[in-house]
Amino acid sequence: VLYCYGCPFAAFACPIGVLQNFIISGRLPLYLAGSLGIYGGLVGRAFCGWACPFGALQELLGLAGGRRLRPTPKWYVKYLFLALVLLAAWLATDTVFCKLCPAGSLFASIPYRLLNINTPIGLGFYIHLITLVIALLFFVLAGRVWCSYLCPVASLLGPTNRLSLLTIKLDAEKCTKCGICLKNCPMNITKPEDIGTSTDCIRCLKCVEECPYKALSVGTA
């Protein structure tokens, strides 16, 4: 699902790019709020676990690098970053985040350059490459660190985990607190009770698959 509006193959637009444009134009993003509200109300952050290509890349690089680091996510960090992104758009009246986003680097800037080889290369392209290289190094060391701390889309969808129709249920009677579900969690969630409801949960269902006691299951709220 290539969603960056700058990607030559994209069929959709990045919610953060859309939100920045609404801030710049001084309008309320009603269509965006409604779309994310409906989607989040149904499946929460499942997009992050099943459809985001940048999430898939983080997963693969984390596995290849052995995920040497397992940073504990702090829910407020990504919301502070979202606030900075929106503030930057308002102050600069420009989509500042889009010019730095490593996902845009990989899925928009590079494909565009390959399809338009005669277009002059500007400073913005090199900035995109730098942010991408830095991000890739972090992914090798820590896996889905972008999803945990910086992704603004995750900040928008995260709160819907507590309200969504689809959820992951924990059977406390079957749970032995063995920690296998947490060990296999790509988002480094620290408590079984947070699975499915935490703003960091991406509904990837690895915990459901790995639980030897079938204490976790997919259900409806």
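**Helix H4, the cores and some loop residues**

Let me begin with helix H4, residues 53-65, where a simple check is possible: at 1.5 Å a residue its 13 residues should span 18 Å, and the end C-alpha atoms are indeed 18 Å apart, so the two values agree. Please keep in mind throughout that this is a predicted model.

Which residues of H4 are buried? They are Pro53, Phe54, Gly55, Gln58, Glu59, Gly62 and Gly65, and the elements that cover them include helix H6 (102-115), helix H7 (123-142), helix H8 (145-149) and helix H11 (206-210). After H4 comes glycine 66, which has a positive phi, near 80°.

Within this helix I would like to pick out glutamate 59, which counts as buried because its relative accessibility is 16%, and the cut-off for buried is under 20%. If we leave aside its neighbours within four places in sequence, glutamate 59 is in contact with Arg144, Pro186 and Lys206.

From H4 we can move across to helix H6, where leucine 106 is placed. With a relative accessible area of 25%, leucine 106 is partly exposed, and, not counting residues up to four places away in sequence, it touches Phe54, Leu57, Pro111 and Leu132. The C-alpha atoms of leucine 106 and alanine 13 are separated by 15 Å, while the two residues are 93 residues apart along the chain.

Now to the nonpolar interior. The largest nonpolar core has 25 residues, and the members that touch the most others are Ile16, Phe54, Phe97, Phe139, Trp146 and Val153. At least two residues of this core come from each of helix H1 (15-25), helix H2 (30-43), H5, H6, H7, H8 and helix H9 (152-157). There is also a second, separate core, which has 15 residues, including Ile168, Leu182, Cys207 and Leu216.

Going back to phenylalanine 97, what does it contact once its neighbours within four places in sequence are left aside? Its partners are Ile16, Gln20, Phe81, Val85, Trp146 and Pro152.

At the surface, Leu100, Ile121, Leu123, Tyr126 and Ile127 make a nonpolar patch of about 470 Å². Two of its residues are worth locating. Leucine 100 sits in the loop between helix H5 (75-92) and H6, and its relative accessible area of 42% makes it partly exposed. Isoleucine 121 lies in the loop between H6 and H7; it is partly exposed as well, with a relative accessible area of 44%, and it touches Arg113 and Tyr126, again not counting residues up to four places away in sequence.

I will finish with backbone angles, for which a general point helps: most residues other than glycine have a negative phi. Where, then, is asparagine 188, whose phi is near 60° and therefore positive in a residue other than glycine? Asparagine 188 lies in the loop between helix H10 (180-183) and H11, and it is buried, with a relative accessible area of 7%. Arginine 203 also has a positive phi, near 55°, and it too is a residue other than glycine. The loop between H10 and H11 is the place of arginine 203, and this residue is buried, with a relative accessible area of 2%.

Definitions and conventions
Residues are numbered from 1 along each chain as its sequence is written. This is a predicted model: local features need pLDDT of at least 70, side-chain atom pairs count only at pLDDT 80 or more; totals for chains, interfaces and linings use all residues. Side-chain values use heavy atoms; hydrogens and water are left out. Helices (H or I, at least four residues) and strands (E, at least two) are DSSP runs, numbered from the N terminus. The expected span of a helix is 1.5 Å times one less than its number of residues. Buried means under 20% relative accessible area, exposed over 50%, partly exposed in between (1.4 Å probe, protein chains only). Contact means heavy atoms within 4.5 Å. Patches are made of residues with over 30% relative accessible area and no salt bridge: like charges are joined within 9 Å, nonpolar side chains (Val, Leu, Ile, Met, Phe, Trp, Tyr) within 5 Å. Accessible areas come from the Shrake-Rupley method with a 1.4 Å probe; for residues, only the protein chains shown count as cover. A salt bridge is a side-chain nitrogen of Lys or Arg within 4 Å of a carboxyl oxygen of Asp or Glu. A nonpolar core is a set of buried Ala, Val, Leu, Ile, Met, Phe, Trp, Tyr and Cys residues joined through side-chain atoms within 4.5 Å.
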